[in-house]
Amino acid sequence: MSAFVDTNVLVRHLTGDPPEMAARATAYLRSGTELLLTDLVVAETVYVLESFYETPRTQVAEVVRSLLALDSVISVDAALMLRALEIYEVDRLDFAEAYLVACAESTGVNKVVSFDRTIDRVGTVERVEPDGRQDVRP
């Protein structure tokens with residue numbers, strides 16, 4: 001049986017909070033049931049760990065990598081997710097921007113339109129800032 005896994009199950013497993021739910025989440029993740037992990041759920045997990053649990057960036061990246069390594073967890077594009085985590089951790093971008101950069105790299109587009117100058121930290125892509133002079137078509 002396959003199922004999609006939700007953020008709350010992952011967060012309970014990773015934080016141990018609350019203990020009873022965490023134990024159930026961990027047991028399910030280890031049960032061998034094939035669990036499909038979406039990119040959005042990973043992003044939400046990163047956000048919850050950073051904001052509510054105040055987990056340091058390096059630890060967030062480490063625990064998300066541990067989720068991707070579970071035999072029961074199937075990611076749509078594990079290589080893309082691992083690259084996004086690397087950018088998030090090493091270049092210190094917010095996870096959403098790190099994911100965009102990883103997508104730009106993996107598709108060969110290599111450009112991201114953004115006002116966020118932190119993207120400039122990653123030398124593999126070009127950040128394009130809207131300047132109002134672009135040709136706008138109806």
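In the predicted model, alanine 3 stands opposite leucine 35 of strand S2, a register that belongs to the pairing of strand S1, residues 2–4, with S2, in which the two run in the parallel sense over three bridges. Leucine 35 also stands opposite valine 73 in strand S3, and S2 pairs with S3, residues 73–75, again in the parallel sense and over three bridges. Strand S2 thus has S1 and S3 as pairing partners.

The side chains of S2 can be considered next. In a regular strand, side chains alternate between the two faces of the sheet. Strand S2, which spans residues 34–37, has a covered face made up of Leu35 and Leu37, whereas Glu34 and Leu36 form the uncovered face. Leu35, the residue that stands opposite alanine 3 and valine 73, therefore lies on the covered face of S2.

Turning to the helices, two packed helices are described by the angle between their axes and the distance between the axes. For helix H1, residues 7–15, and helix H3, residues 39–51, the axes come within 9 Å and cross at roughly 45°. An angle in this range is neither roughly parallel, which would require under 35 degrees, nor roughly perpendicular, which begins at 65 degrees, and H1 and H3 are therefore oblique to each other. The crossing in which H1 passes H3 is right-handed. On the H1 side, the contact is formed by Thr7, Leu10, Val11, Leu14 and Thr15, which meet Val41, Glu44, Thr45, Val48 and Leu49 of H3. Sorted by class, this contact of H1 with H3 comprises six nonpolar residues, three polar residues and one charged residue.

Key
Residues numbered from 1 in each chain as written. Predicted model: local features only at pLDDT ≥ 70, side-chain atom pairs only at ≥ 80, totals over all residues. Heavy atoms only, no water. Buried < 20%, exposed > 50% of the residue type's maximum accessible area, 1.4 Å probe, protein only. Helix = DSSP H or I, 4+ residues; strand = E, 2+ residues; numbered from the N terminus. Pairing = 2+ DSSP bridges. Axes fitted to C-alpha atoms, helices over the stretch in contact; angles between N-to-C directions. Parallel < 35°, antiparallel > 145°, perpendicular 65-115°, else oblique. Left-handed = near helix turned anticlockwise from the far one by under 90°. Contact = heavy atoms within 4.5 Å. Nonpolar A, V, L, I, M, F, W, Y, C, P; charged D, E, K, R; others polar.
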